Amino acid sequence: MAADRVGAPARAWQRMLSGRRLDLLDPSPLDIEISDIAHGLARVARWNGQTSGEHAFSVAQHSLLVEALFCDLVPEASADARLAALLHDAPEYVIGDMISPFKSVMGGSYKDCELRLQRAIHLRFSLPPEPTAALRKEIKRADQIAAYFEATLLAGFSASEATEFFGRPRGFNADRFDFTPRSVTWAQNAFLKRFSAIETSRHQVSAPAIG
C-alpha cells in the first residue's frame with residue numbers, strides 16, 4: 001500500500017493477489033474480486049484473535065454464520081438479500097476487523113472508508129449501493145446474535161456481559177450452528193462455495209423463461 005506524492009490527491013493503494021490495485025479511499029467496483037474478498041476475510045480474526053481454539057475465528061466464518069442466522073430470521077429472503085448478508089463485513093478484507101470500542105474512538109474517517117468500500121462491493125455484485133432500512137435491521141439482528149454466541153462460546157464473555165453489549169438471543173440454539181474455529185483454507189473455500197450457491201440462485205431468478 002502506498003500514498004501518492006505530496007500535493008497530489010490522497011490515494012492509498014492495496015495490491016491484491018488477483019493483480020487488482022484497489023484504491024481504499026476511492027474504490028472502483030471494477031477492482032473488486034470475490035477471490036480477494038474470500039482470501040482476505042479468511043485471514044482476518046474476529047475479536048482481535050482473542051478466541052479459544054486451534055485457529056482464529058475468522059471474519060469469513062462470521063460472515064457465513066450471519067448469513068445462516070439471517071436465513072433463519074427471514075426464511076423468505078431473496079437471493080440478493082442473502083448475498084447482502086454474506087457480504088455485510090466484506091470491507092474488512094482490506095481494512096481489517098476493528099473492535100467496536102476502537103471504532104468509536106476512530107470517529108468518522110474509518111466509517112467513511114468502510115462505507116465507500118461497501119458501496120463499491122455492492123455495485124460490483126449488482127446489489128443496490130445502500131440496503132433498505134428493513135434489510136439493514138435484519139442483518140444487524142443476525143450480526144448481534146452471532147456476536148453474542150461468539151462472545152460467550154469463544155471470547156470469554158459471561159452471559160451477562162454479552163447480553164449487555166449484544167442482547168440475549170431468543171429462540172436460537174447455538175448447537176444448530178458451527179462455532180468451531182476453522183483453518184484459513186476451510187474458511188476461504190466455504191465462503192466461496194456459499195457465494196457461488198447464492199449467485200446460482202440469483203441467476204436462476206433473473207433468467208428469462210424459455211418456451
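Is Phe-149 buried or exposed at 9% relative accessibility? In this predicted model, Phe-149 counts as buried, because a relative accessibility of 9% falls under the 20% cut-off.

The aromatic contacts of the model were examined next. Eight aromatic pairs are present in the structure. In one of these, Phe-125 and Phe-195 meet edge-to-face, with ring centres 5.3 Å apart and an angle of 70° between the planes. This pair joins distant parts of the chain, since Phe-125 lies in the loop between helix 6 (108-124) and helix 7 (133-153), whereas Phe-195 belongs to helix 9 (residues 184-206), with the two positions 70 residues apart in numbering. Both Phe-125 and Phe-195 are buried.

Phe-149 and Phe-179 form another edge-to-face pair, at 5.7 Å centre to centre and with 65° between the planes. Here too, distant parts of the chain are linked: Phe-149 is in helix 7 and Phe-179 is in the loop between helix 8 (159-166) and helix 9, 30 residues apart. Phe-179 has a relative accessible area of 8% and is therefore buried, and Phe-149, at 9%, also counts as buried. In addition, Trp-47, Phe-157, Phe-165 and Phe-166 are connected into a cluster by ring pairs.

Two arginine residues are placed over tryptophan rings. The charged end of Arg-21 sits over the ring of Trp-13, at 4.7 Å from the ring centre. Arg-182 lies over the face of Trp-186, and the distance to the ring centre is 5.2 Å.

Helix 2 was considered for its length and its exposure to solvent. The helix comprises 15 residues (residues 59-73), so at 1.5 Å a residue a span of 21 Å is expected; the C-alpha atoms at its ends are 20 Å apart, in agreement with that value. Helix 2 is mostly covered, with twelve of its 15 residues buried. The buried residues are Val-59, Ala-60, Gln-61, His-62, Ser-63, Leu-64, Leu-65, Val-66, Glu-67, Leu-69, Phe-70 and Leu-73.

Pockets were also located. The second largest pocket has a volume of about 170 Å³. Its lining consists of 14 residues, and those nearest the centre of the pocket are Asp-80, Ala-81, Pro-128, Pro-131 and Leu-135. Helix 3 (residues 79-86) makes the greatest contribution to this lining, supplying three residues. By class, nine of the lining residues are nonpolar, three are polar and two are charged.

Technical notes: Residues numbered from 1 in each chain as written. Predicted model: local features only at pLDDT ≥ 70, side-chain atom pairs only at ≥ 80, totals over all residues. Heavy atoms only, no water. Helix = DSSP H or I, 4+ residues; strand = E, 2+ residues; numbered from the N terminus. Expected span 1.5 Å × (residues − 1). Buried < 20%, exposed > 50% of the residue type's maximum accessible area, 1.4 Å probe, protein only. 1 Å grid on protein atoms, 1.4 Å probe; cavity = no way out; pocket = protein on both sides within 12 Å on 5 of 7 lines; lining within 4 Å. Points joined across faces, edges and corners; volume = space filled by probe spheres on them. Nonpolar A, V, L, I, M, F, W, Y, C, P; charged D, E, K, R; others polar. Phe/Tyr/Trp six-rings, centres within 6.5 Å; stacked < 30°, edge-to-face > 60°. Lys NZ or Arg CZ within 6 Å of the ring centre and 35° of its normal.
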